[in-house]
Amino acid sequence: MIAEEKSIQVLEACRSRGLMIATAESCTGGLIAAALTDIAGSSDVVDRGFVTYSNEAKNQMIGVSAELIAEKGAVSKEVAIAMAEGALAHSRAGVSIAVTGIAGPGGGSAQKPVGLVHIASARTDHPTLHREYRFGEKTRSEIRHATVLAALDLTLEILSA
């Protein structure tokens with residue numbers, strides 16, 4: 001229910017500013033786009049969603065450089081920002097949200113533990129915003145759900161700028 005309320009707020013904020021939105025998702029696998037499109041009438045605001053789960057998809061679909069991924073890692077501030085900016089560049093949207101992280105239960109390391117998520121939101125003619133979250137020892141589903149809520153919050157923040 002919280003995701004529904006936040007999704008409605010994002011859609012209304014986009015609508016009032018005449019902006020369309022695009023998503024670029026890795027660890028959430030399309031859950032943000034689903035949360036937005038679960039709302040009736042969202043088609044006037046939601047342009048598209050990119051599910052860029054693999055590094056190759058990040059590169060091919062939204063132009064994240066393979067060199068950046070190799071240097072910083074797919075789960076990094078730099079890649080999240082590149083994903084958000086790439087979603088804008090490869091869509092008709094004026095605002096985007098991007099997420100990359102480690103939802104677990106495996107795949108973490110000491111430097112990048114399970115629950116680490118980077119979220120970025122880009123908006124035409126505004127500085128791109130980034131937040132790092134460490135959701136900790138939660139289930140995969142809990143981490144993905146928390147990521148959706150945090151992403152919607154960051155989108156509302158950039159829409160308020």
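Me: Happy to look at this predicted model with you. Which residue forms a salt bridge with Arg-15?
Reply: Let's start from where the two partners sit. Arg-15 belongs to helix α1, and its partner lies 29 residues away in the loop between α2 (31-37) and β2 (46-51). The closest N and O atoms of the pair are 2.9 Å apart, and the partner is Asp-44.

Me: Is Asp-44 buried, partly exposed or exposed?
Reply: The relative accessible area of Asp-44 is 43%. Buried would need a value under 20% and exposed one over 50%, so Asp-44 counts as partly exposed.

Me: Thanks! Which residue in helix α6 meets Lys-6 in a salt bridge?
Reply: Lys-6 sits in helix α1 (residues 2-17), and helix α6 covers residues 140-159. The pair links distant parts of the chain, 147 residues apart. The N to O distance is 2.5 Å, and the partner of Lys-6 is Asp-153.

Me: And is Lys-6 buried or exposed?
Reply: The cut-off for buried is under 20% relative accessible area. Lys-6 has 18%, so Lys-6 is buried.

Me: What is the distance between the closest N and O atoms of Glu-157 and Arg-131?
Reply: Glu-157 is in helix α6 and Arg-131 in strand β5 (residues 129-134), 26 residues apart. Glu-157 is partly exposed at 37% relative accessibility, and Arg-131 is partly exposed at 29%. Their salt bridge has its closest N and O atoms at 2.4 Å.

Me: Which residues are joined into one network by salt bridges that share partners?
Reply: Side chains of opposite charge can pair when their charged atoms come close. Here shared partners join one acidic residue and two arginines into one network. Its members are Asp-47, Arg-48 and Arg-92.

Me: Moving to the interior, which element gives the most residues to the largest nonpolar core?
Reply: This core has 35 residues, and Val-10, Cys-14 and Leu-159 are among those with the most contacts inside it. The elements that give two or more residues are α1, α2, β3 (95-101), β4 (116-123) and α6. With ten residues, the top contributor is α6.

Me: How many residues does the other core have?
Reply: In soluble globular proteins, nonpolar side chains tend to be buried together. Apart from the largest core lies another, with Ile-69, Met-83, Ala-84 and Ala-93 among its members. The count for this other core is 19 residues.

Note on methods:
Residues are numbered from 1 along each chain as its sequence is written. This is a predicted model: local features need pLDDT of at least 70, side-chain atom pairs count only at pLDDT 80 or more; totals for chains, interfaces and linings use all residues. Side-chain values use heavy atoms; hydrogens and water are left out. A salt bridge is a side-chain nitrogen of Lys or Arg within 4 Å of a carboxyl oxygen of Asp or Glu. Helices (H or I, at least four residues) and strands (E, at least two) are DSSP runs, numbered from the N terminus. Buried means under 20% relative accessible area, exposed over 50%, partly exposed in between (1.4 Å probe, protein chains only). A nonpolar core is a set of buried Ala, Val, Leu, Ile, Met, Phe, Trp, Tyr and Cys residues joined through side-chain atoms within 4.5 Å.
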